[in-house]
Amino acid sequence: MDRAGHPDRRALLAGGLGLATAALAGCSSTSAAPSATTAPPEAQPTTPGAAFARLMDGNERWVSGDLQHPDRDPNRRQFVAQEQKPFGSILSCIDSRVPPELLFDTGLGDLYVMRTGGEAIGPVVTGSVEYGPMTSGTPLIVVLGHQRCGAVAAAYKSLRDDKPLPGNLQAIVKALQPAYEQAVRDGGADPVETMARAQVELTAADLRSNEDLAPLVKKGALAVVGAYYSLDTGKVEVLAGAPS
């Protein structure tokens, strides 16, 4: 009986091992499938025009809600872990409603982002903006102001009423004073909005004529764009400097 039973047991064991092996093979092939079929990262734009088009396409998706959420997965994280080459540098406000990566529908490793109150600028901020174009050939800078900017409103009121703001907030006021003076000259129904737009245009013009960035702009390797974001619609409006 024992001898007669052994082949059956061996057959059962062999069959069980065969099923287990097949199951493991199936699991292995299923788990490997995503890496085998994942598309390689999209090449970053290398010209001002292409970089600008990529940003504005992303903003159109943001406005419509048809988001792609590109470059936001573990594969992308690993791809940029050792080296980055962002295609754009954005100087925007600290406002919580204006995150550049979201409103341009971009992801990890796509943008250098500097954020200050009212896009106030100084030596450290200027150096940070210069970093991408001067060290890795980033072809686009965008100065991005926005609707109902609290920093601009506070600076406007401080300058209008000649009442300094406390602490280092006064440094923001000082940085925005040229925009205030232009807004006073230009007038308009909403002087704070006028000032906010003036701040974008003045800052973009200063960067465009910067002694280190101007040569890159002149030879067409860099564009400096002034833009304005609507909190109501999500749309980015170009004010000046769009590459052709």
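**Exercise 1. Length of helix 5**

Task: In this predicted model, check the span of helix 5, residues 123-136, against its number of residues.

Solution. Helix 5 holds 14 residues. At 1.5 Å a residue, taken over one less than the number of residues, the expected span is 20 Å. The end C-alpha atoms of helix 5 are 20 Å apart, so expectation and model agree.

**Exercise 2. Bend and burial in helix 5**

Task: Find where helix 5 has a kink, which of its residues are buried, and what covers them.

Solution. Start with the axis. Helix 5 has a kink of about 40° at Glu130. The proline Pro133 follows shortly after that point. Next, burial. Val125, Thr126, Val129, Glu130, Gly132, Pro133 and Ser136 are the buried residues of helix 5. Glu130 and Pro133 are thus both on the buried list. Now the cover. It includes strand 1, strand 2 and strand 3, along with helix 8 and helix 9 (214-218). Finally, look just past the end of helix 5: Gly137 has a positive phi of about 70°.

**Exercise 3. The sheet**

Task: Give the strand order of the sheet and name its edge strands.

Solution. The sheet is open and has 5 strands. Their order is 2-1-3-4-5, with mixed pairing. Strand 2 (111-115) and strand 5 (236-240) are the edges, as each pairs on one side only. On average, neighbouring strands are turned by 25° against each other, direction ignored.

Now go through the pairs. Strand 1 and strand 2 are parallel and share 5 bridges. Ser89 has Tyr112 of strand 2 as its bridge partner. Strand 1 also runs parallel to strand 3, over 4 bridges. There, Ser92 is matched with Leu144. Strand 3 (residues 140-146) pairs in the parallel sense with strand 4 (residues 223-229) over 7 bridges. Leu140 stands opposite Ala223 in that strand 4.

**Exercise 4. Strand 1**

Task: Is strand 1 largely enclosed or open to solvent, and how do its side chains point?

Solution. Count buried residues: 5 of the 5 in strand 1 qualify, so the strand is largely enclosed by the rest of the structure. Then sort by direction. Gly88, Ile90 and Ser92 point one way. Ser89 and Leu91 point the other way. Both sets are buried.

**Exercise 5. Helix 8 over the sheet**

Task: Place helix 8 (residues 191-208) relative to the strands, then check its span.

Solution. Helix 8 lies across strand 1 (88-92), strand 3, strand 4 and strand 5. Its angle to strand 4 is about 170°. For the span, 18 residues at 1.5 Å each should give 26 Å. The end C-alpha atoms of helix 8 are 25 Å apart, which agrees. At the N-terminal end, Asp190 acts as a cap. A side-chain oxygen of Asp190 lies 3.2 Å from the backbone nitrogen of Val192. Val192 is itself buried. Other buried residues of helix 8 include Glu193, Met195, Gln199 and Leu207.

**Exercise 6. Two buried polar residues**

Task: Decide whether His146 and Asn59 are buried or exposed, and list what they touch.

Solution. Buried means under 20% relative accessible area. His146 has 1%, so it is buried. His146 belongs to strand 3. Not counting residues up to four places away in sequence, its contacts are Cys93, Asp95, Arg97, Val98, Glu119, Ala196, Tyr228, Tyr229 and Leu231.

Asn59 comes next. It sits in helix 2 (residues 48-64). Its relative accessibility is 2%, so Asn59 is buried. Beyond four places in sequence, Asn59 touches Leu103, Phe104, Gly234, Lys235 and Val236. A polar atom of the Asn59 side chain lies 3.1 Å from the backbone oxygen of Leu103.

**Exercise 7. Positive phi at two aspartates**

Task: Asp71 has a positive phi, and so has Asp162; state where each lies and whether each is buried or exposed.

Solution. Recall the background: most residues other than glycine have a negative phi. Asp71 has phi near 55°. It lies in the loop between helix 2 and helix 3 (74-79). At 19% relative accessibility, Asp71 counts as buried. Asp162 also has phi near 55°. Its loop joins helix 6 (150-161) and helix 7 (169-186). At 66% relative accessibility, Asp162 counts as exposed.

How values were computed:
Residues are numbered from 1 along each chain as its sequence is written. This is a predicted model: local features need pLDDT of at least 70, side-chain atom pairs count only at pLDDT 80 or more; totals for chains, interfaces and linings use all residues. Side-chain values use heavy atoms; hydrogens and water are left out. Two strands pair if DSSP finds at least two bridges between them. Axes are lines fitted to C-alpha atoms, for helices over the stretch in contact, and angles run from 0 to 180 degrees between N-to-C directions. Contact means heavy atoms within 4.5 Å. Buried means under 20% relative accessible area, exposed over 50%, partly exposed in between (1.4 Å probe, protein chains only). A polar contact is a pair of N or O atoms within 3.5 Å; within protein, one must be able to donate a hydrogen and the other to accept it, and residues adjacent in sequence count only if both atoms are side-chain atoms. The bend at a residue is the angle between axes fitted to the seven residues ending there and the seven starting there.
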